[in-house]
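Student: I would like to go through this model term by term, and to ask at each step what justifies the word that is used.
Tutor: Then let us look at the structure together and set each value against its cut-off.

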Amino acid sequence: EDSSLLLLKCFAEVAVKRGWGVHLVVPPEIPLFDWNEKVHVHRVSYPCWTRQIAALNICQPLSQLVHTGFDSLCINGIVTTDSLAAYLAHLYLQGQFFETAPRVYTTVASSKYMGSDELVSKGDMVAENASYAVGCAMTKNYQPTEFMRSRLLDLGRAYLGPHLFERLEQNTVVSMIGPWCSRLDKVKSEVKRPKFSLYYGGRFTASKGGENVVKQYIRFVEGGREADILISAVGNAERLRRVLKREGGSDVVQVLSKLSADEAWKLMSECHASMFYQSLKILPSSPYEQMYCGLVVLFKDHGYEKELLPPDYPYVFKTELEGATMLRWVYDNYEKASEQVPEWREWVRNTLDRELAYNRMLEEIELEIREWRSAELKRIKHAEVTLKQVENALFALGDGAKWGDVLKGMKSQNVSLLNRQHVYMQGKVLLPVDIYRLFVPDGWEDTNEEVMPVLRRVNVSSD
């Protein structure tokens, strides 16, 4: 599964455990493995599934699922890992629902500029960077490190006016989201391979430094050390094949492709050590997954690493030679080198655990929703009357009340949603989805077992 999909998968797991209903919108061709059965999956076709095209067509699935009619999904917010999609979803929902639009949240997303060392102002990047800056200002966005938050604010200064920049500062939160520890616990092996093994996993791209890692591994083995080199490749790994051909390492490197995430994690946990050349400034999960699974991970120092590693972490190198020397020392003194593995594992769990981060995020979202609901109820005409009408309909229907029947029950009390008798103070129409988000009375909850709401009294079993 794609890393973004795994992030959303974990988010969905945490949300379901907290009692949320979760709707996942994906194209038909995206495979889903082992998702929580309580997640409602909506397969919506896109004209083309690439990052840019998917973002530009985000309004299509939203228009089918989240609209103003009686069969609209009743949602409080949208979570996405794509910055462009977040911005366009925000614009679409504002057009549909005005001030009552469900909030859009962006987690672990960045523009291409965010990882670069200087402001990108080329023609082909201006539109994406500007959209990303505006999207982050208008939606609640979570950045993985303080460095990334500062780079986003730099982007905002370049593209936004004072008012939007102020919103960007308010809406940008740092949330360090690392490994999915409970998932790793289920699949990782506590037994290392008999032969000293070096590991590399993931996409083999220039930005991830895979070429440098493989060169180091090959030279390490060619230098006389007995070791296996294991690479779990994602995609067609054409770049990896070219490197192996050039470096002459095809006979000493074992490339394993088409592994599932669980299979790759198990293989990784059986290895002894790894090297990581990519900067930690965007908080990639893979080195922390390796650390959590008991590998001694050697990090290339780009200037940010010590701030994002356990206190006094010893395996950070500045030069190729220093890295090679450090790897040889770990090999020759593995027992001593791995003594602190339990401490590092605990640090990863307490600092970067994905479920921990998402629980904090959802706590913030839940508080936002409560505060928003309280404020909205104060400015809606006759809110107490509408609340009573919903309550009457629910008590008449009892536990297991379906949302469509609740709306019909309100109509039987001479409440005409379609004739727009319930309006905001500023003249905005109160829609069926607003009834769900604002007027479900205390003491009732959505079972979240069906696509459309089914309501029951709190603490009453559905059996």
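Student: Which residues lie on one side and which on the other of strand 11, and are its faces covered or open?
Tutor: Bearing in mind that this is a predicted model, both faces of strand 11 are covered, with V296, L298 and K300 buried on one side and V297 and F299 buried on the other. Counted along the strand, which spans residues 296-300, five of its five residues are buried.

Student: What makes strand 11 part of a sheet, and what is the order of the strands there?
Tutor: Two strands count as paired if there are at least two bridges between them, and strand 10 is joined to strand 11 by four bridges, the two running parallel. Within that pairing, A273 stands opposite V296 of strand 11. The open sheet as a whole has six strands in the order 9-8-7-10-11-12, with parallel pairing. Another of its pairings is that of strand 7 (residues 197-202) with strand 8, which run parallel and are joined by six bridges, and here G201 is placed opposite S232 in strand 8.

Student: Why are strand 9 and strand 12 called edge strands?
Tutor: Strand 9 and strand 12 (316-317) are the edge strands because each of them pairs on one side only.

Student: How do you know which side of helix 10 is the buried one?
Tutor: In helix 10 (residues 238-247), the residues L240, V243 and L244 are buried. They cover an arc of only 100° around the axis, and therefore they lie on the same side of helix 10. That fits the general rule that an α-helix has 3.6 residues a turn, so residues three or four places apart point the same way. Among the elements that cover these buried residues are helix 9 (210-222), strand 8 (228-233) and strand 9 (253-257).

Student: What makes the phi of K258 worth a remark, and is K258 buried or exposed?
Tutor: Most residues other than glycine have a negative phi, whereas K258, although it is not a glycine, has a positive phi of about 60°. K258 is found in the loop between strand 9 and helix 11 (261-269). Its relative accessible area is 82%, and because the cut-off for exposed is over 50%, K258 is called exposed.

Student: Where is L283, and why is L283 called buried?
Tutor: L283 sits in the loop between strand 10 (273-276) and helix 12 (286-292). L283 is not a glycine either, yet it has a positive phi of about 55°. Buried means under 20% relative accessible area, and L283 has 5%, so L283 counts as buried. A positive phi of about 70° is also taken by G248, just after helix 10.

Student: Why is A324 called buried, when its relative accessible area is 17%?
Tutor: The limit is under 20%, and because 17% falls under it, A324 is classed as buried. A324 lies in helix 13 (residues 320-332), and its C-alpha is 9.9 Å from that of L298, although the two are 26 residues apart in sequence. For M410, which is placed in helix 18 (residues 403-411), the relative accessible area is 0%, so M410 is buried by that cut-off.

Student: Why is helix 16 called roughly perpendicular to helix 19?
Tutor: The axes of helix 16 (residues 354-379) and helix 19 (residues 432-439) come within 9 Å and cross at roughly 110°. Angles of 65 to 115 degrees count as roughly perpendicular, and therefore helix 16 is described in that way relative to helix 19. At the contact, W372, R373, E376 and L377 of helix 16 meet R437, L438 and F439 of helix 19. The residues of this contact divide into four nonpolar, no polar and three charged.

Student: What makes strand 13 and strand 15 a pair, and in which sense do they pair?
Tutor: At least two bridges are needed for a pair, and strand 13 and strand 15 (residues 454-457) have two, in the antiparallel sense. A401 has L455 in strand 15 as its bridge partner. The pair belongs to an open sheet of three strands, in the order 13-15-14, with antiparallel pairing.

Notes. Residues numbered from 1 in each chain as written. Predicted model: local features only at pLDDT ≥ 70, side-chain atom pairs only at ≥ 80, totals over all residues. Heavy atoms only, no water. Axes fitted to C-alpha atoms, helices over the stretch in contact; angles between N-to-C directions. Parallel < 35°, antiparallel > 145°, perpendicular 65-115°, else oblique. Contact = heavy atoms within 4.5 Å. Nonpolar A, V, L, I, M, F, W, Y, C, P; charged D, E, K, R; others polar. Buried < 20%, exposed > 50% of the residue type's maximum accessible area, 1.4 Å probe, protein only. Arc of directions from axis to C-beta.
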